[in-house]
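Work through these short exercises with the model open beside you. Try each task before you read its solution.

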Amino acid sequence: DALAYPSRMPSGNPRIDFSLKQVLELEPAVINDHPCLKLSWEAMNKGGNMPCVLNAANEEAVAAFLSGQISFTSIPNVISHCMEQQPFIEKADLPCIFETDRASREAARQMIKTIRR
């Protein structure tokens, strides 16, 4: 449903009835098959201001995708670019986080301008 938002796409599968006792089997994600998940792990493991960089770049990239400016597959490229460009600050206080957010969004917007859909 996320890709068709706000509309719904038929999946061909029955809806899950959470009121019934069911077994859901989950498998570990293959990190290398999901670039944004891999970037999220990298940001989380590095810590400091990197999760802020990832979040700001992701929000800008997703907005650009939803408005038709970039393709879905360009989202991780924007995030990765911002994570490489922004300086790492291990002990990020609140003013640092605000500045990281601002600078990351600006870097994402600049990169988005260079991407041809």
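The exercises below concern a predicted model.

**Exercise 1. The span of helix 2**

Compare the expected span of helix 2 with the distance between its end C-alpha atoms.

*Solution.*
Step 1. Helix 2 runs over 50-66 and has 17 residues.
Step 2. The expected span is 1.5 Å times one less than the number of residues. For helix 2 that gives 24 Å.
Step 3. The end C-alpha atoms of helix 2 are 24 Å apart, so the two values agree.
Step 4. Now look just past the end. Gly68 follows helix 2 with a positive phi of about 85°.

**Exercise 2. The span and start of helix 4**

Find how far helix 4 reaches from its first C-alpha to its last, and which residue caps its N-terminal end.

*Solution.*
Step 1. Helix 4 covers 94-114 and contains 21 residues.
Step 2. At 1.5 Å a residue, 30 Å is expected.
Step 3. The helix reaches 31 Å, close to that value.
Step 4. The cap on the N-terminal end is Asp93. One of its side-chain oxygens lies 3.0 Å from the backbone nitrogen of Cys96.

**Exercise 3. The nonpolar core**

Which residues touch the most other members of the largest nonpolar core, and which helix gives the most to this core?

*Solution.*
Step 1. This core holds 19 residues.
Step 2. Leu54, Ile70, Val78, Ile79, Cys82 and Met83 touch the most other members.
Step 3. Helix 1 (35-46), helix 2 (50-66), helix 3 (75-85) and helix 4 (94-114) each give two or more residues to this core.
Step 4. Helix 2 gives the most, with six residues.
Step 5. Take Val78 as an example. Leaving out residues up to four places away in sequence, Val78 touches Ala57, Ala61, Ile70, Ala108, Met111, Ile112 and Ile115.

**Exercise 4. Buried faces**

List the buried residues of helix 2 and of helix 4, and say what packs against them.

*Solution.*
Step 1. In helix 2, Met50, Cys52, Val53, Leu54, Ala56, Ala57, Glu60, Ala61 and Ala64 are buried.
Step 2. Their cover includes helix 1, helix 3 and helix 4.
Step 3. In helix 4, the buried set is Cys96, Thr100, Ala103, Ser104, Arg105, Ala107, Ala108, Met111 and Ile112.
Step 4. These pack against helix 2 and helix 3.
Step 5. Use a general rule to read such lists. An α-helix has 3.6 residues a turn, so residues three or four places apart point the same way.

**Exercise 5. Polar residues and a cysteine**

Are Glu60, Ser104 and Cys52 buried or exposed, and is Ser80 buried or partly exposed?

*Solution.*
Step 1. The cut-off for buried is under 20% relative accessible area.
Step 2. Glu60 has 15%, so Glu60 is buried. Its side chain makes a polar contact of 3.3 Å with that of Arg109. Beyond four places in sequence, Glu60 is in contact with Arg105, Ala108, Arg109 and Ile112.
Step 3. Ser104, in helix 4, has 0% and therefore counts as buried. Not counting residues up to four places away, Ser104 touches Val53, Ala56, Cys82 and Gln86.
Step 4. Cys52, in helix 2, has 13% and so counts as buried. With residues up to four places away left out, Cys52 touches Ile97, Thr100 and Asp101. The C-alpha atoms of Cys52 and Cys96 are separated by 10.0 Å, with their positions 44 residues apart along the chain.
Step 5. Ser80, in helix 3, has 21%, so Ser80 is partly exposed. Ser80 and Cys36 are 44 residues apart in sequence and 8.7 Å apart in space, C-alpha to C-alpha.

**Exercise 6. Rings**

How are the rings of Phe65 and Phe72 arranged, and what sits over the ring of Phe88?

*Solution.*
Step 1. The model has one aromatic pair.
Step 2. In that pair, the ring centres of Phe65 and Phe72 are 5.4 Å apart.
Step 3. Planes over 60 degrees apart count as edge-to-face. Here the planes are at 65°, so the pair is edge-to-face.
Step 4. Phe72 is partly exposed, at 47% relative accessible area.
Step 5. Over the ring of Phe88 sits the charged end of Lys46, 4.7 Å from the ring centre.

Terms used:
Residues numbered from 1 in each chain as written. Predicted model: local features only at pLDDT ≥ 70, side-chain atom pairs only at ≥ 80, totals over all residues. Heavy atoms only, no water. Core = buried A, V, L, I, M, F, W, Y, C linked by side-chain atoms within 4.5 Å. Buried < 20%, exposed > 50% of the residue type's maximum accessible area, 1.4 Å probe, protein only. Helix = DSSP H or I, 4+ residues; strand = E, 2+ residues; numbered from the N terminus. Contact = heavy atoms within 4.5 Å. Polar contact = N/O pair within 3.5 Å; in protein donor to acceptor, adjacent residues only side chain to side chain. Phe/Tyr/Trp six-rings, centres within 6.5 Å; stacked < 30°, edge-to-face > 60°. Lys NZ or Arg CZ within 6 Å of the ring centre and 35° of its normal.
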